[in-house]
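Let's take a quick tour of this one, starting with a strand and ending with a single side chain. Have the model open as you read.

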Amino acid sequence: MKHKVNHAISNNQPLFCIGFQLADFSLSDLNISKRFTKPVYFSGSQFFGYADFKETIFQERAFFSDARFKGGAQFSRAHFQEIVFFSRAKFEGKEADFNNSEFYGKTYFSGHFNGKTKFNYVLFEGKDKVIFDIENLSNVCFMNTDITGVRFSDKARWRN
């Protein structure tokens, strides 16, 4: 897996990890930049251990639709510069951390957060003036979620 990630980053190519079964996954283990200049696809993937995307920069679209995070999920200080899809994602581990992350494109969260979820000091600055689409939030469960210090640059709509 590390070879695949290294290859995508080093050669400025998209990363296709659709439907992958991954044990512990950490970009911090790599000795290269954690900047993806092309789209990243983790749709339908299962992270059985800890998933570490801390301080990762996603310059293009990031797809985590239908992904399952069975261990902890670390997205703190990540930058999503385009659309990011966490549609129907399931965060089943004891913690999902998005502290100090920045979202600059449309952001789709729908699914479940079963453990403690941190959204402290997160910036949502959508280019398209749509931060969360109502339909994409209707199935999200924010149990034990701390959203202090979150800033929305424009309208945020919540349903249920």
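Start with strand β16, residues 107–113: six of its seven residues are buried, so the strand is largely enclosed by the rest of the structure. Keep in mind that this is a predicted model.

Who does β16 pair up with? One partner is strand β13 (residues 84–91), which runs parallel to β16 and is joined to it by six bridges. If you want a specific spot to look at, find A89, whose bridge partner in β16 is G111.

Now hop over to R77, which sits in the loop between β11 (73–74) and β12 (79–80). Is R77 buried, exposed or partly exposed? Its relative accessibility is 35%, and since that lies between the 20% and 50% cut-offs, R77 counts as partly exposed.

Skipping neighbours within four places in sequence, R77 touches K54, E55 and T56, along with N99, N100 and S101. E55 deserves a closer look: E55 and R77 are 22 residues apart along the chain, yet their side chains make a polar contact. Here are the two distances for that pair:

| Pair | What is compared | Distance |
|---|---|---|
| R77 and E55 | C-alpha atoms | 4.6 Å |
| R77 and E55 | side-chain polar contact | 3.0 Å |

How far does the predictor trust all this? The mean pLDDT of the protein is 81, with 78% of residues reaching 70 or more. Residues 129–139 are another story, as pLDDT stays under 50 there. Even so, the model has 27 contacts beyond four places in sequence for that stretch.

Terms used: Residues are numbered from 1 along each chain as its sequence is written. This is a predicted model: local features need pLDDT of at least 70, side-chain atom pairs count only at pLDDT 80 or more; totals for chains, interfaces and linings use all residues. Side-chain values use heavy atoms; hydrogens and water are left out. Helices (H or I, at least four residues) and strands (E, at least two) are DSSP runs, numbered from the N terminus. Buried means under 20% relative accessible area, exposed over 50%, partly exposed in between (1.4 Å probe, protein chains only). Contact means heavy atoms within 4.5 Å. A polar contact is a pair of N or O atoms within 3.5 Å; within protein, one must be able to donate a hydrogen and the other to accept it, and residues adjacent in sequence count only if both atoms are side-chain atoms. pLDDT is the predictor's confidence in each residue, from 0 to 100. Two strands pair if DSSP finds at least two bridges between them.
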